[in-house]
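Q: Please examine one part of this structure closely, namely its aromatic ring contacts, and then relate that part to the surrounding architecture.

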Amino acid sequence: MFHFVRQRKYWYLISLLIIVPGIISLLFRGLNLGIDFTGGSLVEVQFQKQVSVQEVRAVLTGHGLERSVIQLSGDRQVLIRTGVITETQNQAMIESLGKEVGTLTVLRNEAVGPVIGKELAQRAILALLAAAVAIVVYISWRFEFKQGLAAIVALLHDALITIGIFSLFWIQVDSAFVAAVLTILGYSINATIVIFDRIRENAKAAKKTEPLEDVVNRSLWDTMARSINTSVTVMFMLLALFFLGGATLKAFVLALMIGVVSGTWSSIFIAGPVWLDLRKRLPRSKRPAGARA
């Protein structure tokens, strides 16, 4: 049986090779923020015939607005969110839609200010901090404090990989991206808790002479098939959404796909080994890992 835990320095190194370029990109380039963060125009129109996203996007591409968000509401109603454009550009876009796609009625045409973006960013950060605190409290109660810290390291790992890759490849992010990152954290912590639970059960049944490294490694093998099978199943669904769900969902689904792969990796190769290192290097907790059932 391959000993994953004894090779943990290599797993840490692989993760760092992905995370560090992402952090450097975040520091020097930041993220490609969408209009949810930067502000822009919000136009809602209703056509007299059925239209597709591709028809609308073709017109917008002609005006240099190919990165706008286009959402269908029913067969004839379309919501368009663009970056910051002038009133002249706005009117030209609407006229082109009327000429090239079909007769339309403007239901809404308004500017979205960047203040909304600041509010979204603040709420996203607050949501992440609140989730992190709740996770540490829950895992400390359910298992032990060091496992709570290890879980946060694994979650930070997943968030940095996802956000870093989006920064490296300059993929536009919007409010859906925030939802995707929070979903990733929820998925990852679920897999991590399953492994921590197996470690606790195996630790109870282990002989006193059995090294903790071997207990953690055995626990990883016990949950390996479950972790991989669950992730592969989720990836099938995400791949279907990515290829068939339309352009609007692509960035959101891509973030989830990166997060699922990263979450599977971190739950197997990061969370347990980090907890083991914390147990070795920090003073031991008065309460053993399996104190609470």
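Which residues do ring pairs link into a cluster?

A: In this predicted model, ring pairs join F2, F4, W11, W221, W265 and F269 into a cluster. The protein has eleven aromatic pairs in total, counting ring centres that lie within 6.5 Å of each other. A pair of aromatic rings is described by the distance of the centres and the angle of the planes.

Two pairs that involve F4 may be taken in turn. F4 and W221 form a tilted pair, with 5.0 Å from centre to centre and 45° between the planes. F4 belongs to the segment before α1 (8-28), whereas W221 belongs to helix α8 (residues 212-244), so this pair ties together parts that are 217 residues apart in sequence. The two partners differ in accessibility class: F4 is buried at a relative accessible area of 11%, while W221 is partly exposed at 33%.

The second pair joins F4 to F269 in an edge-to-face arrangement, with 5.3 Å between the centres and 70° between the planes. This pair also links distant parts of the chain, since F4 is in the segment before α1 and F269 is in helix α9 (residues 247-281), 265 residues apart. F269 counts as buried, with a relative accessibility of 12%. The plane angle of 70° is over the 60 degrees that an edge-to-face pair requires, whereas the 45° of F4 and W221 falls in the tilted range between 30 and 60 degrees.

Rings also take part in contacts with charged side chains. The charged end of R142 is placed over the ring of F143, at 5.6 Å from the ring centre. K250 lies over the face of F242, and here the distance to the ring centre is 4.3 Å.

The helices give the setting for these contacts. Two packed helices are described by the angle between their axes and the distance between the axes. Helix α1 packs against helix α6 (residues 145-168) at an angle of about 55°, and their axes are 8 Å apart. That angle makes α1 oblique to α6. The crossing of α1 and α6 is left-handed. On the α1 side, the contact is made by S15, I18, I19, P21, G22, I23, S25 and L26, which meet H157, L160, I161, I163, G164, S167 and L168 of α6.

Helix α6 also packs against helix α7 (residues 175-205): the axes come within 10 Å and cross at roughly 145°. The crossing of α6 and α7 is right-handed, whereas that of α1 and α6 is left-handed. From α6, the residues Q147, A150, A151, L155, D158, A159, T162, I163 and F166 meet F177, V181, I184, L185, S188, I189, T192 and F196 in α7. I163 is listed among the α6 residues that meet α1 and also among those that meet α7.

Another aromatic residue, F28, is located in helix α1. F28 is exposed, with a relative accessible area of 72%. The C-alpha atoms of F28 and Q172 are separated by 16 Å, with their positions 144 residues apart along the chain.

The loop that follows α6 deserves separate mention. W170 is located in the loop between α6 and β6 (172-173). Most residues other than glycine have a negative phi. W170 is not a glycine, yet its phi is positive, at about 55°. W170 is partly exposed, with a relative accessible area of 33%.

Q172 also appears in the contacts of G34, a residue in the loop between β1 (32-33) and α2 (35-38). G34 touches Q172 and V173, leaving aside residues up to four places away in sequence. G34 counts as buried, at 2% relative accessibility. By contrast, G34 and I152 are 28 Å apart from C-alpha to C-alpha, and 118 residues apart in sequence.

At the level of the whole protein, the secondary structure comprises nine helices and six strands. The C-alpha atoms fill a box of roughly 80 × 35 × 35 Å along the principal axes. Of the 293 residues, 43% are buried. Among contacts between residues at least 6 apart in sequence, 79% join residues at least 24 apart. The pairs that F4 makes with W221 and with F269 each link parts of the chain that are distant in sequence, at 217 residues and 265 residues respectively.

Technical notes:
Residues are numbered from 1 along each chain as its sequence is written. Side-chain values use heavy atoms; hydrogens and water are left out. Rings of Phe, Tyr and Trp (its six-membered ring) pair if their centres lie within 6.5 Å; planes under 30 degrees apart count as stacked, over 60 as edge-to-face and the rest as tilted. Helices (H or I, at least four residues) and strands (E, at least two) are DSSP runs, numbered from the N terminus. Buried means under 20% relative accessible area, exposed over 50%, partly exposed in between (1.4 Å probe, protein chains only). A charge sits over a ring if NZ of Lys or CZ of Arg is within 6 Å of the ring centre and within 35 degrees of the ring normal. Axes are lines fitted to C-alpha atoms, for helices over the stretch in contact, and angles run from 0 to 180 degrees between N-to-C directions. Angles under 35 degrees count as roughly parallel, over 145 as roughly antiparallel, 65 to 115 as roughly perpendicular and the rest as oblique. A crossing is left-handed if the near helix is turned anticlockwise from the far one by less than a right angle, and right-handed if clockwise. Contact means heavy atoms within 4.5 Å.
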